[in-house]
Amino acid sequence: MSNAAAEKWMQVRPEGLYCKAADVYIDPTEPVKRAIITHGHADHARSGHGEVFATPETIDIMRTRYYLGEETQETGLKYGERFDLGGGVMLWFASAGHILGSAQAVLEYDGTRVVAAGDYKRHPDPTCAPFEVVPCDVFITEATFALPVFQHPPLEAEVEKLLRSLRALPERTHIVGVYALGKCQRVMKTLRLAGYEDPFYMHGALRKLTELYESYGQDFGAWEMVSDIPRADKHVFQGKIVLCPPAQINDRWSRRFADPLPTVASGWMQIRARARQKRAEMALVVSDHADWGDLIRTCEETKAGDIWITHGRVEALEYALKQRGMRAKALNLIGRDESVE
Ligand SMILES: [Zn+2]
Ligand SMILES: [Zn+2]
């Protein structure tokens, strides 16, 4: 099926990617009548839509983060469950491997299949379902880390760095800055799988989403709220891991700990200047996005005749795909930014 066929019913509008045939947007940046939401991160899941189609997990996350109002009508679809959107368009979700509930939106119309992947990754993640390759005519990909410099190391190796530091510096409080949705839970789970057994100590901002993951069967072992430990008991945290949002690793909040060691966990930490900016002593490369090699590999594996690129290092990926003989074009969607998370 040709690019031109899909362009008749899939378009880019100021609010985002738009399926004209079913009058529905994918991850719109403005409130719309009907929205398909790929996952719960703030740059994809906004509030104020009339009708929302998403996985049950994503709907739960949106409720937890107040992205769903009383008046919003929700339709939860499990991976693989087909739903007739009307106008001849069939919708189903395939797992994206990005965070709990994250999905690629698969749209079928008039013999053409378009897959909007949302954010995705191929590296293993014990806290969500793995990415599923869906053969399609048009594959719509992100390009957040689309530069050859981005080759994400295995998370186990990064977590081992942290465990080594804890052994070497048992008097210091290791304060690890993680995003509340996805990264926090993935880091905790990976530490458990590496044999770390002490309780985690957690900033209040991470609590609700961690409990939500637990309600879907995830087990993070023992964790306690920092706020439940009396201020005088600073020693409790020594040689332990404290988790908080990235902005808190060395602000007023972190001063309550004895000899803090500020650490950030982010995909951008491969770029040293970014770690310095955050004034982190230790940087762990933890990304929930596909790296350079995985972006190209995924585009190839879908066997799509056309690749559309939404956001990130759009030009670099477009060029690399064209060099490999693929048809690729930039959509230049606005309002997507990993750093807002
Ligand atoms: Zn995301
Ligand atoms: Zn995103």
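**Exercise 1. Helix 2 and helix 5**

Determine how helix 2 and helix 5 are oriented relative to each other, and which residues make their contact.

Solution. The model is a predicted one, in which local features need pLDDT of at least 70 and side-chain atom pairs count only at pLDDT 80 or more, while totals for chains, interfaces and linings use all residues. Residues are numbered from 1 along each chain as its sequence is written, and chains are lettered from A and ligands numbered from 1 in the order in which they are written.

Step 1: helices (DSSP runs of H or I, at least four residues) and strands (runs of E, at least two) are numbered from the N terminus, and helix 2 covers residues 56-64. The axes of helix 2 and helix 5 (lines fitted to C-alpha atoms over the stretch in contact, with angles from 0 to 180 degrees between N-to-C directions) come within 10 Å and cross at roughly 155°.

Step 2: angles under 35 degrees count as roughly parallel, over 145 as roughly antiparallel, 65 to 115 as roughly perpendicular and the rest as oblique; helix 2 and helix 5 are therefore roughly antiparallel to each other.

Step 3: the contact (C-beta atoms, placed from the backbone, within 7 Å) is made by D60, I61 and T64 on the side of helix 2, and by K208, L209 and L212 on the side of helix 5. Three of the residues in this contact are nonpolar, one is polar and two are charged.

**Exercise 2. Helix 4 and its surroundings**

Work out how many residues of helix 4 are buried, and what they pack against.

Solution. Step 1: a residue is buried if 20 or more other C-beta atoms lie within 10 Å of its own, exposed if 12 or fewer, and partly exposed in between. In helix 4, which spans residues 183-193, nine of the 11 residues are buried, so the helix is largely enclosed by the rest of the structure.

Step 2: the buried residues of helix 4 are K183, C184, Q185, R186, V187, M188, K189, T190 and L191. The elements against which they pack are helix 3 (155-168), helix 5 (207-215), strand 12 (173-177), strand 13 (200-202), strand 15 (241-244) and strand 16 (260-266).

Step 3: R192 also lies in helix 4, but this residue is partly exposed, with 16 other C-beta atoms within 10 Å. Not counting residues up to four places away in sequence, R192 touches F220 and G221. After the helix comes G195, whose phi is positive, near 100°.

**Exercise 3. The two sides of helix 8**

Find which residues of helix 8 are buried, and which are exposed on the other side.

Solution. Step 1: helix 8 runs over residues 314-323, and within it V314, L317, A320 and L321 are buried. These residues cover an arc of only 140° around the axis, which puts them on the same side of helix 8.

Step 2: Y319 and Q323 are exposed on the other side of helix 8.

Step 3: the buried residues of helix 8 pack against strand 11 (138-143), helix 7 (292-301), strand 18 (306-312) and strand 19 (327-330). Turning to helix 7, its buried residues are W292, D294, L295, I296, T298 and C299, and what covers them includes strand 11, strand 18 and helix 8.

**Exercise 4. Two loop residues with positive phi**

For D27, decide whether the residue is buried or exposed, and then do likewise for K303, exposed or buried.

Solution. Step 1: D27 is found in the loop between strand 3 (24-26) and strand 4 (34-36), and its phi is positive, about 50°, although D27 is not a glycine. With 25 C-beta neighbours inside 10 Å, D27 counts as buried.

Step 2: K303 is found in the loop between helix 7 and strand 18, where its phi is near 60°, a positive value in a residue other than glycine. K303 has 12 other C-beta atoms within 10 Å and is exposed.

**Exercise 5. Contacts of R34 and W253**

State which residues R34 is in contact with, and which residues W253 touches, leaving aside those within four places in sequence.

Solution. Step 1: R34 is found in strand 4 and is partly exposed, with 19 other C-beta atoms within 10 Å. Apart from its neighbours within four places in sequence, R34 is in contact with D23, V24, Y25, G50 and E51.

Step 2: W253 lies in the loop between strand 15 and strand 16 and counts as partly exposed, with 17 C-beta neighbours inside 10 Å. Not counting residues up to four places away in sequence, W253 touches C244 and Q248. The C-alpha atoms of W253 and H203 are separated by 9.3 Å, although the two residues are 50 residues apart along the chain.

Notes:
Two residues are in contact if their C-beta atoms, placed from the backbone, lie within 7 Å. Ala, Val, Leu, Ile, Met, Phe, Trp, Tyr, Cys and Pro count as nonpolar, Asp, Glu, Lys and Arg as charged, and the others, Gly among them, as polar. The arc is that of the directions from the helix axis to the C-beta atoms.
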